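Biologist: Before I rely on any description of this protein, I would like to hear the reasoning behind the words that are used. Could you take me through them one at a time?

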Amino acid sequence: MVRSRKNIRIISLVIEQICITDTFSYSAMSILESQRYALEDIDQLEKAIADRLQEPPKTFREKVSQNHEIARFLSRIEEQSKFFLTALKDEDGGRAKEMGMLLGGENAPIEEFYLQLADIKEFHGKYPNQPVENLEESYRKRRRVTRDIDEFDEEHASQTENVDPIDTMFTGEESLGRFLDLISFHERYVNLRGTKRVSYIQYLDLFDKFGGVSRSENDAEYVKYVRDLAEYLEGFLKRTRPLEDPEGMLLKIENDFDREWATRPRDSDADANGNSDPLYCEVCDRKFEKQTVFDSHLNGKKHKRNLEHKASALDVTHKQKNSGERARELERLQYRISKLGELLEPQRNETKINVERKSALTERERQIELEAFEKEELGIGEDEDDGDDDDDSRVYNPLKLPLGWDGKPIPFWLWKLHGLGIEYPCEICGNFVYMGRKAFDKHFLEARHVHGLRCLGIQNSSLFREITSIQDALALWEKIKKERRIQESMREQTVEMEDDEGNVMSERVYNDLKKQGLL
């Protein structure tokens, strides 16, 4: 009993001395100390995650930064847990051997204690002034340094501490993951062979649609475009949803594709020949419309030259196999892009709204928006703005002026310049009142006014512009119909016909007599 207590005391002293060397790597640490260090690291990581979840983020930037920080902590916990479980299995017997050494082993316990103490002193003699790692301090939340934009020069930037990793994670167009940045892919898409030129907003709707697109796996430029687009969407998903298991989402998409590909019906001839069309030349990668043109092409010099080049480059059987693999790879990339487009549908909609909004802004408004975004990026004025929330939430607007793009009333001189105080009622629109001449002129082409004319049986045209009264619109429509009837009758009177006897008459009289059989 006395010997066991003495051994326990010696073990505790040895562990206490070993704990001084927290800066050892796992290779330099003992197995027991490595396990203790891993458990302590896991405990501090769990505490750090709990501290961050208790403090809700105030801005979108803080939310993104917090998600990535928690994701890194969870990844660290997973690594430490795997290490601890592997060391606990003790497959090589190192842990049991070290436990035996602490209990005495070949040497007496006190001798073993002094041997390990000598190793510790030797290490600190070789590496003096080694800092001790404080795990609690390492995972403590650090606040970003805030400065005024005018004071934030290169010298200050070089001295700034605690750089957030998301500063270099997103592009300016992505705005910390709010929007997609597909501008470069849009340019590559419109430059592809056989594609129609579409606007960027239209491209945002169709970049993941491949139903009506028939592309060959031999088109290297198209395959590279699809592969790069898939890689960008995968990276964007990982950067914007670090806590939603993006790797699991991608693995599910891959498994779904393999299952669909296995059950997809395929033509055996197409699998054997690469293409089931009898008028398709695989050597030249070209399709013909007529059999005669195809036969003459087979005897042409260009086809024979391409055939020689292909035959000398690789074997035909190997090429057919590679063609099938390339076709499967292209289908896999297209399927992945379609599924990622569904997962990123909220960001796609926000991107379209943002592009339309930016196109309507003036250069001055874009500059103001850019400065506001830079302030948010640098965290400037956050503390000062907190005290003004109550004042900003209550907008002083005694004249009931319309609100501008910044949520504040527009200036009175601008309201007066555009005539926004003048009312323009429209009876056709159900006595709806339009404020300002611009809104009034614009409403003649809007759905409300067009629907009102259709209810009156009137076909809308430019002639009904500026007409808001139902009575005036009906009178004008009757006049238009009357003029059309007169023009029709005049056209009939203008055309003259002549019978066999040389009698000249109008087209209408000629047709009537001919129907009666008098001619």
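Modeller: What follows is a set of questions and answers about the terms applied to this predicted model.

Biologist: What is the overall make-up of the protein chain, and what confidence does it have?

Modeller: The protein chain has 24 helices and 6 strands, and buried residues make up 31% of its 519 residues. Its pLDDT averages 76, with 76% of the residues scoring at least 70. Of the contacts with a separation of 6 or more, 55% are between residues 24 or more positions apart.

Biologist: Where is confidence lowest, and where is it highest?

Modeller: The lowest mean, 43, belongs to helix α12 (residues 268-273), whereas strand β3 (residues 423-426) has the highest, at 92. Over residues 145-161 the pLDDT is below 50, and this stretch has 19 contacts in the model beyond near neighbours in sequence. Residues 267-274 also stay under 50, and for them the model has 7 contacts beyond four places in sequence.

Biologist: Why is α2 called roughly antiparallel to α3?

Modeller: Helix α2 (residues 31-54) and helix α3 (residues 60-89) pack at an angle of about 155°, with their axes 9 Å apart. Because angles over 145 degrees count as roughly antiparallel, α2 is given that description relative to α3. The crossing of these two helices is left-handed, and by class their contact has 16 nonpolar, 5 polar and 5 charged residues.

Biologist: What makes α8 roughly antiparallel to α10?

Modeller: The angle between helix α8 (residues 183-190) and helix α10 (residues 220-240) is about 165°, with the axes 11 Å apart. Set against the cut-off of 145 degrees, that value makes α8 roughly antiparallel to α10. The crossing of α8 and α10 is left-handed. F185, R188 and Y189 of α8 make the contact with K224, Y225, D228, L229 and Y232 of α10, and by class this contact has 5 nonpolar, no polar and 3 charged residues.

Biologist: Which residues of α10 and α11 meet?

Modeller: E234, L237 and K238 in α10 meet P246, E247, M249 and L250 in α11. Helix α11 (residues 246-263) and α10 pack at an angle of about 145°, with their axes 9 Å apart. The residues of that contact divide into 4 nonpolar, no polar and 3 charged.

Biologist: How do you know that R348 counts as buried?

Modeller: Buried means under 20% relative accessible area, and R348 has 3% relative accessibility, so R348 counts as buried. R348 lies in helix α16 (residues 345-359), and, leaving aside residues up to four places away in sequence, R348 touches L180, L204, D205, F207, D208, K209 and G341.

Biologist: Why is S175 counted as buried?

Modeller: The reasoning is alike: S175 has 8% relative accessibility and therefore counts as buried, given the cut-off of 20%. S175 is placed in the loop between α7 (154-159) and α8.

Biologist: What is notable about the phi of S175 and of D245?

Modeller: Most residues other than glycine have a negative phi. S175, which is not a glycine, has a positive phi near 50°, and D245, also not a glycine, has a positive phi of about 55°. D245 is found in the loop between α10 and α11.

Methods
Residues are numbered from 1 along each chain as its sequence is written. This is a predicted model: local features need pLDDT of at least 70, side-chain atom pairs count only at pLDDT 80 or more; totals for chains, interfaces and linings use all residues. Side-chain values use heavy atoms; hydrogens and water are left out. Axes are lines fitted to C-alpha atoms, for helices over the stretch in contact, and angles run from 0 to 180 degrees between N-to-C directions. Helices (H or I, at least four residues) and strands (E, at least two) are DSSP runs, numbered from the N terminus. Angles under 35 degrees count as roughly parallel, over 145 as roughly antiparallel, 65 to 115 as roughly perpendicular and the rest as oblique. A crossing is left-handed if the near helix is turned anticlockwise from the far one by less than a right angle, and right-handed if clockwise. Contact means heavy atoms within 4.5 Å. Ala, Val, Leu, Ile, Met, Phe, Trp, Tyr, Cys and Pro count as nonpolar, Asp, Glu, Lys and Arg as charged, and the others, Gly among them, as polar. pLDDT is the predictor's confidence in each residue, from 0 to 100. Buried means under 20% relative accessible area, exposed over 50%, partly exposed in between (1.4 Å probe, protein chains only).
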